[in-house]
Amino acid sequence: MSRTKQIQRRRKTSRCGQTMLELIAATTIITIALVPALRLTRDGVARSEELENAEMRLALCTSKLEEEMARTAASWNLTTQVGDFGDRGWGQLRFMVAKSDAIADGGIPDSLATIDVVVWHDEDAGNDLDSNERQTRLTTKLAKLISYEYEATIH
């Protein structure tokens, strides 16, 4: 075999590295694939946080509604309340409870009351519900019964 053929054969068989062009092409392909994947991951984390906040608003709203139903059934106190959940570690979440037995609000004076509870994330710390702030609202009606008042007095 001639010396030239041996050199050519050795070059063909001993080539085990990558060229710079191949490395740049591979890096480009990987980068193009990663950008949408990272965007999806970021969006997923943001949606997960919003879902967690919505679940917490619902849980706190339900808890406050049940608390106000028991309080109203016992004393028929129809005062409006506003506050936050700082005592539960959620100071940025505020609530408003509106109670009424007026006919215009769907109640019957001294017999049937509506209880409306709104929980919202007070993003601007303004202590009021703004139209752009996420909120959860639950409303129910409560009848005034002697048995509720009796239960409240013996317990």
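This is a short tour of the structure you have open, stop by stop, with something to select at each one. Keep in mind that the model is predicted.

**Stop 1: the hairpin**

Start by selecting residues 81-85, which make up strand β1. Now add β2, residues 90-100. The two strands run antiparallel and are joined by five bridges. To see how they line up, pick V82: M96 in β2 stands opposite. Together β1 and β2 form a hairpin, with four residues between them. Click on G89 in that turn and check the backbone, where phi is positive, at about 90 degrees.

While you're here, show the side chains of D84 and R94. They meet in a salt bridge, 3.8 Å from N to O. D84 sits in strand β1 and R94 in strand β2, 10 residues apart. Which of these two is buried, and which is partly exposed? R94 is the buried one, because its relative accessible area is 10%, while D84 counts as partly exposed at 35%.

**Stop 2: the nonpolar core**

Next, select L60, C61, L65, A73, F85, L93, F95, V97, I115, V117, V119 and L142. These 12 residues are the largest nonpolar core. Try colouring them by element of secondary structure: α2 (20-75), β2 and β3 each supply at least two of them. Which one gives the largest share? That is α2, with four residues. As a bit of background, nonpolar side chains tend to be buried together in soluble globular proteins.

**Stop 3: T72 on the helix**

Stay on helix α2 and select T72. Buried or exposed? T72 counts as buried, because its relative accessibility is 0%. Look at the polar end of the T72 side chain: one of its polar atoms is 2.7 Å from the backbone oxygen of E68. Now show what surrounds T72. Setting aside neighbours within four places in sequence, T72 touches N77, L78, K99, I115 and L142. Two of those names, I115 and L142, also belong to the core you just coloured.

**Stop 4: salt bridges**

You met E68 through its backbone; now turn on its side chain. E68 and K99 form a salt bridge, and their closest N and O atoms are 2.9 Å apart. K99 lies in strand β2 and E68 in helix α2, so this pair ties together parts that are 31 residues apart in sequence. Both ends are tucked away: K99 is buried, with a relative accessible area of 6%, and E68 is buried too, at 0%.

For a second pair, jump to D110 and K144. Their closest N and O atoms are 2.8 Å apart, and they form a salt bridge. Here the partners come from two loops: D110 from the one between β2 and β3, K144 from the one between β4 and α3 (146-154), with their positions 34 residues apart in sequence. D110 is partly exposed, with a relative accessible area of 47%, and K144 is partly exposed as well, at 28%.

Then select K64, E67, E68, R71, R88 and K99 together, since salt bridges that share partners join them into one network. How many salt bridges does the whole structure hold? A search finds 10.

**Stop 5: two unusual backbone spots**

Go back to D110 and look at its backbone this time. Its phi is positive, about 60 degrees, although D110 is not a glycine. Now move to A125 in the loop between β3 and β4. A125 also has a positive phi, near 55 degrees, and is likewise a residue other than glycine. A125 counts as exposed, because its relative accessibility is 60%.

**Stop 6: D122, a charge without a bridge**

Finish in that loop between β3 (112-121) and β4 (135-143) by selecting D122. D122 is buried yet has no salt bridge. Where is the nearest side chain of opposite charge? It belongs to R94, 4.2 Å away. A salt bridge needs the nitrogen and the carboxyl oxygen within 4 Å, so this pair does not make the list. R94 is the residue you saw bridging to D84 back at the hairpin. To round off the view, show the contacts of D122 beyond four places in sequence: Q92, R94, N127, D128 and E133.

Definitions and conventions:
Residues numbered from 1 in each chain as written. Predicted model: local features only at pLDDT ≥ 70, side-chain atom pairs only at ≥ 80, totals over all residues. Heavy atoms only, no water. Buried < 20%, exposed > 50% of the residue type's maximum accessible area, 1.4 Å probe, protein only. Lys, Arg positive; Asp, Glu negative; His and termini not counted. Contact = heavy atoms within 4.5 Å. Core = buried A, V, L, I, M, F, W, Y, C linked by side-chain atoms within 4.5 Å. Polar contact = N/O pair within 3.5 Å; in protein donor to acceptor, adjacent residues only side chain to side chain. Pairing = 2+ DSSP bridges.
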